Amino acid sequence: MSKCYRSKLVGAFGCPIDENPTGVMEEAAFKAKGLDYRYLTVKVEKEDLEDAIKAVKAFQMKGINITIPHKVEVLKYLDQLSEAAEIIGAVNMIVNQDGKLYGENTDGKGYLKSLTDRGISVDGKTITVLGAGGAARAISVECALAGAKKIYIANIEKEQGEELTKLIRTKTGTEAEFILWDTAIDVPEDTDILSNATSVGLFPHTDQKPDINYDSITSCMVVTDVIFNDPNSLFIREAQKRGAETINGLGMLANQGALNFTMWTGVEAPVDVMVETLRKEFQLA
């Protein structure tokens with residue numbers, strides 16, 4: 001058989017996207033597994049999204065990550081959605097299956113994997129989610145589908161928070177309750193898992209933390225943060241002071257990337273390589 005000089009292509013579409021580190025992580029994983037894949041980080045403006053999706057097919061790309069501002073708008077160009085993506089109403093990755101585009105949302109799945117890696121199940125648990133944006137939608141829907149008993153949604157914007165709460169109830173059957181986050185709130189006493197799904201604490205604002213009563217966190221809770229840079233966030237440190245088990249956002253980002261990797265390649269992802277690559281990229285090693 002003659003040698004093939006054509007690499008398989010994946011990548012990311014978004015705007016802004018210049019500071020997205022996913023490609024570094026995925027390229028390291030391809031190298032570790034000896035796969036001839038290339039990850040293209042591509043700036044795509046809103047008005048160019050349709051052409052960009054056509055290019056996925058024209059270039060016979062294996063798939064693509066979708067980031068802001070395209071996660072919702074891209075749905076109209078897809079042939080099929082996963083159950084979670086359909087409920088969430090947004091995708092963050094696409095798989096090109098012989099010209100048919102399948103949309104998935106791995107944000108929440110990466111979150112669940114970070115929990116199960118620590119032996120933690122959401123089945124029958126009460127979850128409190130801070131925020132109601134894209135990350136919060138993905139996390140809360142996946143937790144509901146995985147058997148969570150109840151989900152509290154705390155959000156500053158009432159309409160957005162109530163909409164997500166209603167979505168969880170009607171689409172998954174899981175009990176959900178909205179908490180208006182207009183002041184420093186107490187974490188509900190029956191919370192098993194507390195998740196910061198806001199961007200508060202993300203670099204360069206590492207001196208910030210969500211406005212909650214941290215003394216309402218107990219040692220019986222598991223506390224998670226989607227912030228991956230700096231993963232040792234103030235939120236995480238405050239929870240540790242109260243004796244809670246904590247999970248930072250670095251592993252969640254790597255697990256999300258690992259799911260993308262496997263869906264595109266059919267090969268088990270080298271998660272350890274991906275985590276280490278991110279640590280070096282963020283100068284945490």
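These are my notebook entries on a predicted model, taken element by element.

**Entry: helix α6**

I began with helix α6, residues 158-172. I counted 15 residues in α6. From the first C-alpha to the last, α6 reaches 21 Å, close to the 21 Å expected at 1.5 Å a residue.

Next I looked up which residues of α6 are buried. They are Gly161, Leu164, Thr165, Leu167 and Ile168. Seen down the axis of α6, the buried residues fall within an arc of 155 degrees, so they line one face of the helix. I then turned to the face pointing away from that buried side. There I found the exposed residues Glu159, Lys166, Thr170 and Lys171.

What do the buried residues of α6 pack against? I noted two helices, α3 (83-88) and α5 (134-145), and two strands, β8 (150-155) and β9 (175-180). Just after α6 I came to glycine 173, which takes a positive phi of about 80 degrees.

**Entry: the six-stranded sheet**

I traced an open sheet of 6 strands. The order is β2-β1-β3-β5-β6-β4, and the pairing is mixed. Which strands stand at the edges? I wrote down β2 (37-43) and β4 (80-81). Each has a single partner strand, so one side of each is left without a neighbour in the sheet.

Inside the sheet I checked β5 (residues 93-97) against β6 (residues 100-104). These two strands pair in the antiparallel sense over 5 bridges. I looked up one bridge by residue: methionine 93 has glutamate 104 in β6 as its partner.

Then I looked at what lies across this sheet. Helix α8 (residues 249-265) lies across β1 (8-14), β2, β3 (63-66), β5 and β6. I noted that α8 runs at about 10 degrees to β5.

**Entry: serine 82**

I stopped at the loop between β4 and α3, where serine 82 is found. Is serine 82 buried or exposed? I have it as buried, with a relative accessible area of 5%. Setting aside neighbours within four places in sequence, I listed its contacts as Tyr102, Gly103, Glu104 and Asn105. Among them, Glu104 is the residue I had already met as the bridge partner of methionine 93.

**Entry: strand β11 and asparagine 196**

I moved on to β11, residues 193-196. Ile193 and Ser195 point one way from this strand, and Leu194 and Asn196 point the other way. I noted that all four are buried. In a regular strand the side chains alternate between the two faces of the sheet.

I looked up two partners of β11. With β7 (residues 126-130), β11 pairs in the parallel sense over 4 bridges. With β13 (residues 222-225), β11 also pairs in the parallel sense, over 4 bridges. By residue, leucine 130 stands opposite asparagine 196. Serine 195 has threonine 224 in β13 as its bridge partner.

Asparagine 196 got a closer look. I have its relative accessible area at 0%, so it counts as buried. Its side chain makes a polar contact of 2.7 Å with the side chain of threonine 198. Beyond four places in sequence, asparagine 196 is in contact with Leu130, Pro210, Thr224, Asp225, Val226, Ile227 and Phe235.

**Entry: aspartate 207**

I then followed the loop between β11 and β12 (212-213), the place of aspartate 207. At 61% relative accessibility I count aspartate 207 as exposed, because the cut-off is over 50%. I also looked up its separation from methionine 25. The two are 182 residues apart in sequence and 26 Å apart in space, C-alpha to C-alpha.

**Entry: helix α9 and alanine 29**

Last, I took helix α9, residues 271-281. Here Met274, Thr277 and Leu278 are buried. Down the axis of α9, the buried residues fall within an arc of 95 degrees, so they line one face of the helix. On the other side I found Asp272 and Lys280 exposed.

What covers the buried residues of α9? My list includes α1 (22-33) and α8. Just after α9, glutamine 283 takes a positive phi of about 55 degrees.

From α1 I picked alanine 29. It is buried, with a relative accessible area of 0%. Leaving aside neighbours within four places in sequence, alanine 29 is in contact with Phe261, Pro270, Val273 and Met274. I also looked up alanine 29 and alanine 258, which are 229 residues apart along the chain. Their C-alpha atoms are separated by 8.6 Å.

Terms used
Residues numbered from 1 in each chain as written. Predicted model: local features only at pLDDT ≥ 70, side-chain atom pairs only at ≥ 80, totals over all residues. Heavy atoms only, no water. Expected span 1.5 Å × (residues − 1). Buried < 20%, exposed > 50% of the residue type's maximum accessible area, 1.4 Å probe, protein only. Arc of directions from axis to C-beta. Contact = heavy atoms within 4.5 Å. Pairing = 2+ DSSP bridges. Axes fitted to C-alpha atoms, helices over the stretch in contact; angles between N-to-C directions. Polar contact = N/O pair within 3.5 Å; in protein donor to acceptor, adjacent residues only side chain to side chain.
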